[in-house]
Amino acid sequence: MAILEVRGVNKRFGGLQALGDVNLSVEEGSVHAIIGPNGAGKSTLLNCLVGKLNPDSGSVNFDGQSVLGRSPHEINQMGISRVFQTPEIFGDLTVIENMLIPCYARRDGAFKLNPLTSMRKGGEMQTKAEAMLDDVNMLDKLHMQASSMSRGDKRRLEMAMCLVQEPRLLLLDEPTAGMARADTNNTIDLLKEIHAKRDITMAIIEHDMHVVFSLAQRITVLAQGTPLVEDTPENIKGHPKVKEAYLGE
Ligand code: ADP
Ligand code: MG
């Protein structure tokens with residue numbers, strides 16, 4: 001069953017058709033990659049899924065409910081979380097403080113910018129946050145200041161901040177962009193672990209074919225705002241249209 005159904009989505013920026021009649025089905029429990037050259041419309045599509053942009057036409061349904069017209073926060077509460085290209089963490093705060101923010105945001109609704117003063121430490125939220133940090137092997141870094149951590153650990157923390165909200169669909173926009181090979185491989189392992197441990201669907205935008213082929217069960221290739229082909233990694237690798245449009249062969 002598809003958890004995410006995108007049908008006939010169009011989006012223009014002035015004279016530019018960034019998305020043209022996009023259809024996409026993401027199966028529940030799968031890892032689905034969206035690939036395509038720069039400017040293909042990948043981030044625009046993602047922004048239409050999380051309420052940052054409104055498509056000009058078409059429909060986007062998550063678990064049978066339309067997300068269109070809802071705010072990013074409402075969509076987040078429906079069970080969609082997004083990992084940004086640059087880790088969105090609070091550098092001045094410790095790891096556990098960072099973790100408590102999404103816990104409270106999910107429970108209390110509005111995302112208050114200074115939640116720590118009103119936040120009761122300890123209790124149920126702290127237990128939940130610590131369990132999640134254990135899952136991503138960061139329990140030993142609980143009281144470390146976030147800005148002092150390595151890029152890989154910042155990514156790990158950001159992932160934990162998303163996952164502690166128990167999303168059903170995790171959206172990732174180029175999660176390994178700018179990473180060295182070792183950090184990229186760590187991220188692949190982390191995502192594999194998360195996918196195996198949790199009942200979660202992932203849609204991942206990614207440039208790095210090594211990452212895509214390591215993780216995805218389905219791949220949609222976007223070119224000039226329109227899906228060119230959707231298939232398994234094995235079939236995508238040898239697809240002549242894909243080679244021509246994307247792999248440059
Ligand atoms: P990708 O993520 O695949 O690289 P984008 O979705 O970022 O592609 O962009 C698709 C096209 O839409 C590009 O030509 C880009 O310049 C354009 N675009 C994206 N966002 C905006 C915007 N807010 N205003 C105008 N044009 C935009
Ligand atoms: Mg992009």
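1. Location of the ligand. In this predicted model, ligand 1 occupies the second largest pocket. Two elements each give two or more residues to the shell around the ligand, namely β2 (16-27) and α1 (42-49). Of these, α1 supplies the largest share of the shell, three residues.

2. Composition of the shell. The residues around ligand 1 are Phe13, Leu16, Ala18, Pro37, Asn38, Gly39, Ala40, Gly41, Lys42, Ser43 and Thr44. By class, this shell comprises five nonpolar residues, five polar residues and one charged residue.

3. Polar contacts. Three pairs of atoms deserve attention when the pose is examined. From the backbone, an N or O atom of Gly39 lies 2.7 Å from an oxygen atom of ligand 1. From the side chains, a polar atom of Lys42 is placed 2.8 Å from a ligand oxygen atom, and an N or O atom of Thr44 is found 2.6 Å from an oxygen atom of ligand 1. Each of these distances falls within the 3.5 Å cut-off for a polar contact.

4. Coverage of the ligand. On its own, ligand 1 has 560 Å² of accessible area, and the protein covers 57% of it.

5. The pocket itself. The second largest pocket has a volume of about 190 Å³. It is lined by 17 residues, of which Asn38, Gly39, Ala40, Gly41 and Lys42 are the closest to its centre. These five residues also appear in the shell around ligand 1. The elements that give two or more residues to the lining are β2 and α1, and β2 and α1 are likewise the elements that do so for the ligand shell.

6. Character of the lining. The lining of the second largest pocket holds five nonpolar, nine polar and three charged residues. For the shell around ligand 1, the corresponding figures are five nonpolar, five polar and one charged. Lys42, which has a polar side-chain atom 2.8 Å from an oxygen atom of the ligand, is among the lining residues closest to the pocket centre.

Terms used: Residues are numbered from 1 along each chain as its sequence is written. Chains are lettered from A and ligands numbered from 1 in the order in which they are written. This is a predicted model: local features need pLDDT of at least 70, side-chain atom pairs count only at pLDDT 80 or more; totals for chains, interfaces and linings use all residues. Side-chain values use heavy atoms; hydrogens and water are left out. A residue is near a molecule or strand if one of its heavy atoms lies within 4 Å of it. A polar contact is a pair of N or O atoms within 3.5 Å; within protein, one must be able to donate a hydrogen and the other to accept it, and residues adjacent in sequence count only if both atoms are side-chain atoms. Accessible areas come from the Shrake-Rupley method with a 1.4 Å probe; for residues, only the protein chains shown count as cover. On a 1 Å grid over the protein atoms alone, a cavity is a set of points where a 1.4 Å probe fits but cannot get out, and a pocket is an open set with protein on both sides within 12 Å along at least five of seven lines; lining residues have an atom within 4 Å of a point. A molecule sits in a cavity or pocket if more than half of its atoms lie within 2 Å of its grid points. Helices (H or I, at least four residues) and strands (E, at least two) are DSSP runs, numbered from the N terminus. Ala, Val, Leu, Ile, Met, Phe, Trp, Tyr, Cys and Pro count as nonpolar, Asp, Glu, Lys and Arg as charged, and the others, Gly among them, as polar. Grid points are joined across faces, edges and corners, and a volume is the space filled by probe spheres set on the points.
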